[in-house]
Amino acid sequence: MSETDHGVDPRTPPAPVRPTRRALLAAGAGAAALLGAPGLAPPATAATAAAPARTTATVAPTPPTPPTPADLAPYASYWFPDSLPAGTPGPGIVWRSLRRWTPESDPDLAHNTATVPLAQRFTPVPANRHARAGQARIAALVSFGPTAGNPSQGSPTADYYALSHWAYIDELVFWGGSAGEGIVLAPNAPVVDAAHRNGVRVLGNVFLPPVPYGGDLQWTRDLVRRDALGRFPIADQLVRVARAYGFDGWFVNAETDGGDSALAGRMREFLRALRAAGEPHGLRITWYDAMNTTGRVGWQGALNQLNQEFFEDRAGKVADTMFVDFRWTPRTLAASGALADRLGRSRYELWAAVDTEAHGWNSAVRWDAIIPRERDHVVGYGFYRPEWTRNHLTDRSPGAFHRADDRFWTGESLDPARPAPESGWRAPATVVADRSTVAGLPFACSFNTGHGLRWYDHGKVVSDVPWNHLGLQDRLPGRRWAVDTAGVRPGVSLDFDDAWRGGSSLLVAGALTAPATIGLHSTRLPLSRATVVELVHATGSGPVTVEIGVATREPTAPGEPVPYIWLAAGSRDSGQGWRTTRAGLAHLAGSTAYALAVRITALGTEPVAWRLGALSVRDEPRTRRPAPPTALRVDAAARQDGRARLRLSWRRAAAAGGQIRHYEVSRILPDGTRRFLGGTCGTALHLPDVPRAGRERAAAFEVRAVDELYAVSAPARTTLAW
């Protein structure tokens, strides 16, 4: 929670200076509770400012099936539990009742459905001796966009929080919600697909706002209302939404004050019903420390007798995890961990809140209360708004963002194997063991971050439009960047000036006074006589030799060097463009690859600029191309002044030709040129701006399936007549 987020009614224009959390706490708990701080209420926005003067909820009549939006753009879904606010929603906002939602009446369902299954993770030997396996994990509460108008499938800008340090995250909450827009949020598909590819669960958000932020206790009553048969309809709907959209559960944050013990009892019963309905489908609940057993909102900063029953009661588990409010102290966290132990629960199912929204790595945090260096971790912890790494920047280019994000997650050294001396910020990579999902063949990575300034295909620009779509992100190396050299450490970064495929490549740049080993992926890959590893790389300056490292055993202890076996990948002179190098692993057959790396040696004295565009490991022979999608069609279109907006959909390609990773949509121009328009892991895509090419009679489109090795299918084709 930001220090500047509290105390302003979102129904008024954002003019007055807001008190800081420090001032609120100094004023005492009564004043803090009156102002709704420091709970998880979001800041006032243009949308929340549009909320009506009165927020008393009224029961709305059953609305008709929502029409397709006039601009055809699909957005992430949000609702009220049942009754809607009085008045009229602001521009661009649609008020919806979750109780009345059905998949069949959802016009954006195909655009919001995640399709990547949750991958299994493993924990390699940690990169440094302080990083612990099996102890504290990390949750992250992230606002990827506004509540209303958050695009379902990316947008034409590279200025986006392209989270990629999934290796340290256990659970992601799709944060947002406001009294003027909606208070139940379903995550959009790109976020879920990227997280699942890396084994991270994603939760939707149920946010019952504080009264000063427009909260109405009627919405809490709607949430926990039973029907005539004693069931909880909204619990069933939450499970239905999560299953239809493909995410993993709900973060429940009840911060609307004014309840009583009876309402608290119904909330606990509601959580039990939600968990019982969701558990067979692998869904989870995280409870935020706000409402307590009195029914009032009283943030405890602890797991204690006032809120224990929302976590674990006499009948057993109620919530899977609990987000402990920012009021925690070293004493209350220690007591919380001890109580979890007595309840037979893991203390690491408690997330101690760490507010990074306003100050990022400059935030004052009593780290030893959560993750002490020289003894067991006390509890887990949760970052509130780590997207500060993007939001605080003046230069919000992709490269600048990733430099800041790497520092946040890895620390000032930018090397998890060699942490810098601590100067206040305790970066996750220095205390939490990384995890990986690279455990099966085939595996490939083109170092695509999920956003970029252009789109590249085989080293050529096929679109010069900036873009973001997190679902297209690769499984990137978890340890960024572990570099071993006896000489000057080169710079290692994800770079956006050139790429083999997608929007970015791995760049190694600087004076190489000694060979430099760059650790890439932690893996569990079974090797056979047919296994090959392949690199696509280019040298911009300085001739180099390149070697591929494969580790067939793990380090002997945390922080010890990875024992690579080195395979020659040839020499590269500068200016020769992209080159593919392949090495067979038959001599390692029967073993397991635990890690992959490259080693670069300069052949001269000039600075080196070497790029890695793609890495793959597979069993030969290469599998045949995937089958193409079918039934490609234009579902809706709007044409004006020689430009069109449209929605495309298709049927999923058969998996016989290889597992489908995603689909790519291109425009075929009259001269035969193919122009990339976008991609998605699903089977529908919105195209916001297609200009007519000259006097063409129809715009031609192709959709191709792409497999895990980036082999593309034959196209499915359709046209849009002008």
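Which residues of helix 8 are buried? Keep that in mind as you open this predicted model; the tour reaches helix 8 shortly.

**The whole chain**

Start with everything shown as a cartoon. The protein chain has 722 residues, and 59% of them count as buried. Its secondary structure comes to eleven helices and 35 strands. Now think about contacts along the chain: among those between residues at least 6 apart in sequence, 78% join residues at least 24 apart.

**Helix 8**

Select residues 261-278, which make up helix 8. From the first C-alpha to the last, these 18 residues reach 25 Å, close to the 26 Å expected at 1.5 Å a residue. Here is the answer to the opening question: the buried residues are Leu263, Ala264, Gly265, Met267, Phe270, Leu271, Leu274, Arg275 and Gly278.

Next, bring up what these buried residues pack against. You will find helix 6 (217-224) and helix 7 there, along with strand 5 (201-208), strand 6 (249-254), strand 7 (284-288) and strand 9 (316-317).

**Helix 7 and Arg240**

Move on to helix 7, residues 233-245, and pick out Arg240, which is found in this helix. Arg240 counts as partly exposed, at 34% relative accessibility. Leaving aside neighbours within four places in sequence, Arg240 is in contact with Trp101, Thr102, Pro103 and Glu104. Try a distance in the viewer too: the C-alpha atoms of Arg240 and Gly278 are separated by 8.9 Å, although the two residues are 38 apart along the chain.

**The nonpolar cores**

Now for the largest nonpolar core, which has 104 residues. Select Leu172, Trp250, Met267, Phe270, Trp287 and Tyr381, the members that touch the most other members. Helix 7 gives the most to this core, with seven residues. Another core, of 38 residues, lies apart from it; Ala516, Ala569, Ala583 and Ile600 are among its members.

Go back to Leu172 and show its surroundings. Not counting residues up to four places away in sequence, Leu172 touches Ala140, Val142, Phe144, Leu163 and Trp166, as well as Val191, Val200, Arg201, Val202 and Leu203.

**Cavities**

How many cavities of 30 Å³ or more does a search of the whole structure find? There are six. The largest has a volume of about 160 Å³. To find this cavity, select Asn198, Arg435, Ser436, Leu476 and Gly478, the closest to its centre of the 18 residues that line it. By class, the lining divides into five nonpolar, eight polar and five charged residues.

The second largest cavity has a volume of about 70 Å³. Select Pro124, Val125, Arg479, Ser522, Ala551 and Arg553 to see part of its lining, then add Glu554, Pro555, Val562, Tyr594 and Ala595 to complete the set. Here the classes come to seven nonpolar, one polar and three charged residues.

**Backbone details**

Zoom in on the loop between helix 11 (398-410) and strand 13 (443-445), where Pro442 is found. A cis peptide bond joins Leu441 and Pro442, with omega about 0°. Leu414 is found in the loop between helix 11 and strand 13 as well. Look at its backbone: phi of Leu414 is near 55°, a positive value in a residue other than glycine. Leu414 is partly exposed, with a relative accessible area of 33%.

Another cis peptide bond joins Glu620 and Pro621, and omega is about 0° there. Pro621 sits in the loop between strand 28 (608-619) and strand 29 (630-640). Step into strand 29 to reach Ala631. What is phi of Ala631? The value is about 55°, positive although Ala631 is not a glycine. Ala631 counts as partly exposed, at 41% relative accessibility.

**Last stop: Ser616**

Finish in strand 28 by selecting Ser616. Is Ser616 buried or exposed? With a relative accessible area of 8%, Ser616 is buried, since buried means under 20%. Show what lies around Ser616: apart from residues up to four places away in sequence, Ser616 touches Phe443, Ala444, Val532, Val533, Glu534 and Leu709.

Methods: Residues are numbered from 1 along each chain as its sequence is written. This is a predicted model: local features need pLDDT of at least 70, side-chain atom pairs count only at pLDDT 80 or more; totals for chains, interfaces and linings use all residues. Side-chain values use heavy atoms; hydrogens and water are left out. On a 1 Å grid over the protein atoms alone, a cavity is a set of points where a 1.4 Å probe fits but cannot get out, and a pocket is an open set with protein on both sides within 12 Å along at least five of seven lines; lining residues have an atom within 4 Å of a point. Grid points are joined across faces, edges and corners, and a volume is the space filled by probe spheres set on the points. Ala, Val, Leu, Ile, Met, Phe, Trp, Tyr, Cys and Pro count as nonpolar, Asp, Glu, Lys and Arg as charged, and the others, Gly among them, as polar. A nonpolar core is a set of buried Ala, Val, Leu, Ile, Met, Phe, Trp, Tyr and Cys residues joined through side-chain atoms within 4.5 Å. Buried means under 20% relative accessible area, exposed over 50%, partly exposed in between (1.4 Å probe, protein chains only). Helices (H or I, at least four residues) and strands (E, at least two) are DSSP runs, numbered from the N terminus. Contact means heavy atoms within 4.5 Å. The expected span of a helix is 1.5 Å times one less than its number of residues.
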